[in-house]
Each structure stands twice: as structure tokens, then as C-alpha cells.
Amino acid sequence: MPNPLDAENHSVGEQPLFLNNLQTLSLHSSPFVAEILRRTPNLNKLKITSESTSHWSAIVDSLISLKGLETLQIAAATASYPINTVMLVNLPNFEVLKAHCGFMGTNWILNEDVVFQRLQYLQIVFGYKLERWEAASDNFPMLEQLFLYGLDLEEIPQSIGDIPTLKLIQIENCSSTAVTSAKKIQEEQESWGKYELQVWKRLLILYHFMEKKILDPVYYFLLLENEQTDNIDLHM
């Protein structure tokens, strides 16, 4: 891909172009993404689709400058990339995270210092080999909706149910243990007289996780965004 900033680089004496009024941006990963993000400092919605992880480190470093970022949506096609939770929790307005193939290794363990102060919506799709998730309610004090897709989790952390703002856990094509733990969270809340939390299991005909018929993550991401197929919603 040619450098989109080449024309500017050849203009002697001109100041670098900054798009300070741009608030929403969708990009495919390239060597120039980090520089583009540096020049769009007031973004509040960002979507990055990537077919490799070769430039991910530079992209992550540039995100910290987006102090107004509210929504981050990333999809990797062929490999997982590490989510830098320390960097994300330092974004003061961060409310929505959609991570597709967003984990490397089997564990995602959040210590007490990792607090997503304003995160309301968390979506995890195809966490590569992710099996163990450890978190407390204090890690997500404002979380309202949790969406899990195609994960072979041992369980959803039970303390997630203690988040007072949590309204919905939606599970699609995950392990039976993840489904069981979601139901357990709901039952525990109801035993305390709290019936606000809903748990939904959603079955999509085009994907069958237990038989390992895995769709391309980016294609699946597009399917979630622009779904045209029939699906079945079951209240558990």
C-alpha cells in the first residue's frame, strides 16, 4: 500500500495535516495506521480490521493519545493480537470494546488495578485459545452488556454478576461450562431478589462451535454487524 502521506511529505514548508474535527474512523491495518491516528486526535469511534499483527504494537501505542475515544472495535483475520488492558483503562471516556481474536494465550487475568471505569459494553469474539478468565466486579463497575461468541471458557467469572449495572449476558456458540456459569450467575442474582439480569443463548445456523466448524473471524464479525440469516433466540 502506498503511503497516503507522501503528497504532504513532498510539499516543502507545509504544516502536517491534522483532522481535529474527525470523530469516526474505520481503517484496515497498515504501516501508516499509527500516523493516521496521531493526526486524528479527537476520534470517539474507531474500527480497525487487520489481516496480520505486524503493525499492532505501533497501533496500540498510538491509541493512548485518543483521550476522547469511546468505542473501539478491532477484528483480526488470521491471528490473535494482545489487548493492552493497561492502556485501555487509561482512556477516560472508554465505553465500548468489541474484540475479535483479541487475546493471546489461555488466560485473561485482571488484577485489582485494572479498572474500566466507564466501560458499558464488552464483546469478545473468538478469543484465541482463551480458556480461563479471572475478573472481579470492580474491574467493570459500569458494565451493562456482556457478549461472548465462540469461546471455550471454563467459566464466566461469578463475580461479574455482582456488577450493579449489568443487564444482559449473551452467549453464542460457547462451551457448555460457560453457558452453565452464566445461568448460575443469573440464579444467584434471583436468589437475592434481583431479576434485572437477563441471560440469553443465541444459536446461529452458519456456525457450530462444538464441531469446530469455525468461520473466518472477520467474516463472522461482518455477519454480526449485518446479519441477514435466520437465528434462534432462547431465553435460558
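**Close-up views of a predicted model**

Glu35, Arg38 and Arg39 are tied together in a network of salt bridges. Keep in mind as you go through the views that this is a predicted model.

**View 1. Glutamate 35 pairs up with two arginines.** Start with arginine 38, whose side chain meets that of glutamate 35 in a salt bridge, with 2.7 Å from N to O. Where do arginine 38 and glutamate 35 sit relative to each other in helix α2? They are three residues apart in that helix (residues 33-38), so about one helical turn separates them. Now look at arginine 39: this residue also forms a salt bridge with glutamate 35, and here the closest N and O atoms are 2.6 Å apart. Are the three residues buried or exposed? Arginine 38 is partly exposed, with a relative accessible area of 42%. Glutamate 35 is partly exposed too, at 24% relative accessibility. Arginine 39, at 9%, counts as buried, because buried means under 20% relative accessible area.

**View 2. Arginine 132 and glutamate 134 form a salt bridge of their own.** The side chains of arginine 132 and glutamate 134 meet with 2.1 Å from N to O. How open to the outside is each partner? Arginine 132 has 34% relative accessibility, which makes it partly exposed. Glutamate 134 has 30% and also counts as partly exposed. For the bigger picture, the structure holds four salt bridges.

**View 3. Four acidic residues gather on the surface.** Which residues make up this patch of negative charge? They are Glu131, Asp152, Glu154 and Glu155. To find one of them, follow the chain out of strand β8 (145-149): glutamate 154 lies in the loop between that strand and β9 (168-172). Don't lose sight of aspartate 152, since you will meet this member of the patch again in the next view.

**View 4. Serine 175 and asparagine 173 share a loop.** Serine 175 is placed in the loop between β9 and α5, and asparagine 173 is found in the loop between β9 and α5 (176-191) as well. Serine 175 is buried, with a relative accessible area of 5%. Which residue does serine 175 approach from 23 places away in sequence? That would be aspartate 152, with the two C-alpha atoms 4.8 Å apart in space. Asparagine 173 has something to notice in its backbone: its phi is near 55°, a positive value in a residue other than glycine. At 12% relative accessibility, asparagine 173 counts as buried.

**View 5. Lysine 167 meets residues from elsewhere in the chain.** You can find lysine 167 in the loop between β8 and β9. What does lysine 167 touch, once you leave aside its neighbours within four places in sequence? The list is Glu144, Glu196, Leu197 and Gln198. Take glutamate 144 from that list: its C-alpha atom is 5.2 Å from that of lysine 167, although the two are 23 residues apart along the chain.

**View 6. Valine 125 lines up with leucine 148.** Valine 125 belongs to strand β6 (residues 121-125). At 0% relative accessibility, valine 125 counts as buried. Between the C-alpha atoms of valine 125 and leucine 148 there are 6.1 Å, while 23 residues separate them along the chain.

**View 7. Serine 50 and alanine 75 come together across a stretch of chain.** Serine 50 sits in strand β2 (residues 45-50). Its relative accessibility is 4%, so serine 50 counts as buried. How far apart are the C-alpha atoms of serine 50 and alanine 75? The distance is 6.1 Å, and along the chain the two residues are 25 apart.

**View 8. Stepping back to the whole protein.** Zoom out and you can pick out six helices and 11 strands. What share of the 236 residues is buried? The figure is 47%. On the outside, the protein exposes about 12,300 Å², and carbon and sulfur atoms supply 52% of that area. Finally, take the contacts between residues at least 6 apart in sequence: 58% of them join residues at least 24 apart. Serine 50 and alanine 75, from the previous view, are 25 residues apart along the chain.

Conventions: Residues numbered from 1 in each chain as written. Predicted model: local features only at pLDDT ≥ 70, side-chain atom pairs only at ≥ 80, totals over all residues. Heavy atoms only, no water. Patch = residues over 30% accessible without salt bridge, like charges linked within 9 Å, V, L, I, M, F, W, Y side chains within 5 Å. Areas by Shrake-Rupley, 256 points an atom, 1.4 Å probe, with all protein chains shown as cover. Lys, Arg positive; Asp, Glu negative; His and termini not counted. Charge placed at Lys NZ, Arg CZ, Asp CG, Glu CD. Helix = DSSP H or I, 4+ residues; strand = E, 2+ residues; numbered from the N terminus. Buried < 20%, exposed > 50% of the residue type's maximum accessible area, 1.4 Å probe, protein only. Contact = heavy atoms within 4.5 Å.
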